[in-house]
Amino acid sequence: MVEMPQGIQNLAYSATFFLFSKRTTRRLFTKLDIPMRILVVDDEAPIRDSLQEILESEGFEVGLAGDGLQALQILTDTEFDLVLSDIKMPRMDGMELLTHLAKIFPQLPVVMISAHGTV
């Protein structure tokens, strides 16, 4: 596993437990055994890879994007149940991505993360 700051690792595990609850609820209502799909958006490859490893070990399907623009392109082709996005990224940051997602996919939950002490 790639080394990740403890705060990010704790956030990933917290998000996993939150998502597990949602996934369980989704299964109760749909009665489908389809893993929840999460799009991880972060410009730092080690963070993306670590989050992917953690989430996949919990049974989630994971897609990866390096910035907001790439995330929007992926979301037009593939359906996801949740977006887990960094805030500070080049080209299109997480806040701009959030604005676009609210307009295009208003029902899609988004969790924002940051390794920076201030935002």
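S85 is buried in this predicted model, because its relative accessibility is 0% and buried means under 20% relative accessible area. The residue sits in strand β3, which covers residues 82–86. Its surroundings can be read from its contacts. Leaving aside neighbours within four places in sequence, S85 is in contact with V41, G94, L97, V111, M112 and I113.

One of these partners, V111, is a useful next stop. V111 belongs to strand β4, made of residues 110–113. With a relative accessible area of 23%, V111 counts as partly exposed, because that class lies between the buried limit of 20% and the exposed limit of 50%. Not counting residues up to four places away in sequence, V111 touches L82, V83, L84 and S85. Another partner of S85 is G94. From V111 to G94 the distance is 9.9 Å, C-alpha to C-alpha, and the two are 17 residues apart in sequence.

The path now turns to a helix. Helix α4 runs over residues 94–104 and holds H100. H100 has a relative accessible area of 29% and is therefore partly exposed. Leaving aside neighbours within four places in sequence, H100 is in contact with L72 and M92. A separation in sequence can also be set beside a distance in space: H100 and G68 are 32 residues apart along the chain, and their C-alpha atoms are 9.3 Å apart.

How values were computed:
Residues are numbered from 1 along each chain as its sequence is written. This is a predicted model: local features need pLDDT of at least 70, side-chain atom pairs count only at pLDDT 80 or more; totals for chains, interfaces and linings use all residues. Side-chain values use heavy atoms; hydrogens and water are left out. Helices (H or I, at least four residues) and strands (E, at least two) are DSSP runs, numbered from the N terminus. Buried means under 20% relative accessible area, exposed over 50%, partly exposed in between (1.4 Å probe, protein chains only). Contact means heavy atoms within 4.5 Å.
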